[in-house]
Structures are given as C-alpha cells and as structure tokens.
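Trainee: I should like to learn how to read a structural model in an orderly way. May we go through one together?

Mentor: Certainly; let us place it before us and begin with a single detail.

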Amino acid sequence: MAARILVVAEDPSLQRMLADTVRGEGHDLLTAVTGPDGLRRWNVDQPDLIILESHLEGFDGYTMVERVRDAEKVGLHVPMIMLGDGTEVADKVRGLRAGADDYLVKPIHAAELLARMRSLLTRFGPVERATVGPVRGQVHAYYGAKGGVGTTTIAVNTAVALHRIAHRKVVLVDAGLQFGDHRVFLDLGPDRRSIVDAVASPTIDSEFLRHLVVHHESGIDVLLAPPTPEQAEQVLAHKQHMIQIIDALRTMYDYVVIDLDKRLDDHSLDAITAADTLFVIMTADLSCIKNVRLVMETMAQIGLPDDKVQLFMNRSNAFTGISVKSVEGVLRRPVRYQVVNDYRVAISALNSGEPFMHHRADSVLGRSLLEFVRAIDSRPAIAHAPVRQPGRMVPALS
Ligand SMILES: Nc1ncnc2c1ncn2[C@@H]1O[C@H](COP(=O)(O)OP(=O)(O)O)[C@@H](O)[C@H]1O
Ligand SMILES: [Mg+2]
C-alpha cells in the first residue's frame, strides 16, 4: 500500500536522493526544508512516515521530533527516521530520546534506508485514512441560559473529565472575554498568556497556539481570557479571530471545550457556528425557561441545525417547584443531560481553584458529571499504538 512520506531535508543532494528512494518504492512524497515547515506539513498532511535531518533551519530535527510527539493525537504514532551527521552515540541517543524511531548516520545508503522504512511502515501504518481521516476534534460550546447557572463549572469539569477519565486531548477556551474566570477556577495567575496574545499574531496557527495555551496540572490545556476587561477589545470579530482560533485548535485536540460569554455577540455566534454541539445550561426556573426559548429562536434564525442544540439541566434535583418534566413540556424539547445539585463540592472546588473532577471525582457531583461525559464521549478510541497515559501531553511553555 502506498504511504505518504514527509521528507524534511535542507541539503539539496540529500533531498534528491531521498525523493528518488521514496518515489522509487511507489510512495507519495511530501517535502519541507525547515523545521517549522516540516511541522506544519505534518500537521496539515498527516503523513504515514517522516524522514528528517537532525540539522534544520528554524528549529532542528530534535525539536521537530519532540513537537510532533507532544502534539500527536492520542493513540496515533507517526514513525520518524532521523538522519544525523554525528557518529557519536550521544547524538543517536538524543534523537531516539526526542521520540525518533530510528537514527541513521550520513552518508545515507538507499538500501539501508529502504529496509528501515519498510520495517517501520509494517509496524505502524500506513494509516487507514478512510477510518481515521484528518484530525478534526469535536468542538463543544457551553452557553448559560443566564448567569450563575453553573456553565463555567460544567465546562471546566467536563474538560478535566474528558482528559482524566476518557484520556482525550482537551483544550478549554475561556470565551468570556471581558470577565472570564478560568484563572480563578483553575488557580492560574494573571501573568499567564491569553487569547489576546494569540490575536496579536498576523497568522493564528496551531504551532503558534501551542505556545500560548497554559498547561494545567489536571492535564488539560487552557486558552485563557485576557486578565483585564479592556484587553478583550483586541479580539476582533471582523478579523474572524475566534473562528481562526477554533479551527486551529481542533486540529490539535480531540476536544475543544468553549465556555461562552453570556452576551450573544459576534464572537459567541462565531463560536456557536463552528461548534459541533451547543450545550445550553439551565436550572429549573422561569427566567431560564424564558431565556432558553429566546436562545432557541436565535439559533433557528442563524440557521443552526436543531440537533446541534442540547439542553442541560444543572442542579437538577434542587427544589425549585418546577420539575424537569414540566420544563420539557413547556419548551417542547427534551432535557438531554442532568447534573445534580451539590453546592458544597461545587463551591469549595471553585474557591480552592481545584476542579472537582480532578480532586473529588468520586463525589456525588463528580459521579453525576461523569455520566454526562460518558454519554458525550461515545466515539471509540483510536488505537493504532498504545494509548498514552494521561499526564504525558502537550508541555505548554507557560
Ligand atoms: N451542580 C451544582 N451544584 C451546586 N452548585 C453548583 C453546581 N454547579 C455550579 N454551582 C455553583 O453555582 C455558582 C455559579 O457557578 P458558575 O459555574 O460560575 O456559573 P456561570 O458560569 O453560569 O455563571 C458557583 O458558586 C458554583 O459553585
Ligand atoms: Mg461563567
């Protein structure tokens, strides 16, 4: 079976020799010259095998290998062969430590390279594209029917559970641009980088975002809201900032979990349009019911398919005098998900900056949320290679 092979080399004669070898075997050739270029091609084209020089411009082959391994989708493993100048064992060890599968010392002999390529392709691929397809993470947006219903609580803890329990690669986006509070929920200081740093760049791509997300100790990455409200103005809807960010993030993660702002402004509508599912969080009271109706009408007006919108009842067993059944009756649509009321666990998690799905997953609230997470994460895990353990994820540089 023909494989897609990415060659990252800067020496023209080596490029030619590698190209001939790859094509001679009937494989498709992809090329790049610098480290950053190579990383971009890997991200976009998802090759079955990478052959790269250890010395490259921009950043070297060791760094490229490390970045691929860090950013690789859980369960996937692209084999990489590094071509090095050094005959020193230390160079080889460095390449293998970075995550390369093989290391060949120059000058390269076509026959040896072919043998290594064949062996790696037999072990790891080529990937069945019909079943795996390009990396396209699920985008889940959470919108509160009114303030204080628990939208941030649900979004933050769902993100943590998707990673810790379902072993997914997850990024959480605080889209409450003016008064986002994920720094409080996750005990992250005001000095951490935010979405404003992302939009300062002329091009918003995955390579750039990788440096901006903050790695939380629970294992998830977080794209924070700006530390002060006035900075929110730098995020511009007419430049499609939110759309660009979401599009890039979904190539890097299994799930992009977005905690939306209360205001249904252009940023929120952009995020909702990009989302695969919109969870509308509510509690059982009249003002929520009224607002959910208005939200549903707005969604119909912007042409959002009806099945993209799912109702989520938080604090479902708290006494309000209105039952879930009667809410469904009034709204004429099902409440798909429910999470119980557990004020102590919820508030102490918030005040300590420790999500309950990280530290109190066995609480009543944790178990209730877990049912929700199991229901939404029904996709089978991709299992070409052993699934990496939680915790070994993108080492964000914050
Ligand atoms: N399931 C729940 N049970 C009890 N209290 C909850 C629950 N979910 C959230 N809360 C509490 O509700 C308050 C508002 O939560 P928050 O997530 O900030 O809401 P929002 O983002 O919708 O404004 C917080 O004090 C939080 O601890
Ligand atoms: Mg909130």
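Trainee: Which residue stands opposite Leu30 in E2?

Mentor: Please bear in mind that this is a predicted model. In general, strands of a sheet pair through backbone hydrogen bonds, either parallel or antiparallel. Here, the residue opposite Leu30 of E2 is Leu6. Strand E1, residues 4-8, pairs with E2 in the parallel sense, over 5 bridges.

Trainee: In what order do the strands of the sheet lie?

Mentor: The order is E2-E1-E3-E4-E5, an open sheet of 5 strands with parallel pairing. Strand E2 (28-32) and strand E5 (102-105) each have a single partner strand, so they stand at the edges, and one side of each lacks a neighbour in the sheet. From one strand to the next, the twist averages 20°.

Trainee: Which helices should I read against this sheet?

Mentor: Consider helix H3, residues 61-71, which lies across E1, strand E3 (49-53) and strand E4 (80-84). Helix H3 runs at about 170° to E4. Helix H4, residues 89-98, also packs on the sheet, where it touches E4 and E5. The direction of H4 makes about 155° with that of E4.

Trainee: How is the protein chain divided into domains?

Mentor: Domain 1 covers 4-132 and domain 2 covers 138-376. Their C-alpha centres are 38 Å apart.

Trainee: How should I describe the place where the two domains touch?

Mentor: The size of an interface is often given as the accessible area lost when the parts come together. In this case we may instead count residues: 7 of domain 1 are in contact with 9 of domain 2. On the domain 1 side, helix H2 (residues 35-45) supplies the largest share, 4 residues. By type, that side of domain 1 comprises 4 nonpolar, 1 polar and 2 charged residues.

Trainee: Let us turn to the ligand. How many residues surround ligand 1, and which are the closest?

Mentor: A useful approach is to list the surrounding residues, then their elements, then their types. Ligand 1 is surrounded by 18 residues, the closest being Gly150, Thr151, Thr152, Thr153 and Ala346. Two elements, helix H7 (151-164) and helix H15 (343-352), give two or more residues to this shell.

Trainee: Which element gives the most to the shell around ligand 1?

Mentor: That is H15, with 4 residues. As to type, the shell around ligand 1 holds 7 nonpolar, 9 polar and 2 charged residues.

Conventions: Residues are numbered from 1 along each chain as its sequence is written. Chains are lettered from A and ligands numbered from 1 in the order in which they are written. This is a predicted model: local features need pLDDT of at least 70, side-chain atom pairs count only at pLDDT 80 or more; totals for chains, interfaces and linings use all residues. A residue is near a molecule or strand if its C-beta atom, placed from the backbone, lies within 6 Å of it. Ala, Val, Leu, Ile, Met, Phe, Trp, Tyr, Cys and Pro count as nonpolar, Asp, Glu, Lys and Arg as charged, and the others, Gly among them, as polar. Two strands pair if DSSP finds at least two bridges between them. Axes are lines fitted to C-alpha atoms, for helices over the stretch in contact, and angles run from 0 to 180 degrees between N-to-C directions. Domain bounds come from an automatic or database domain assignment.
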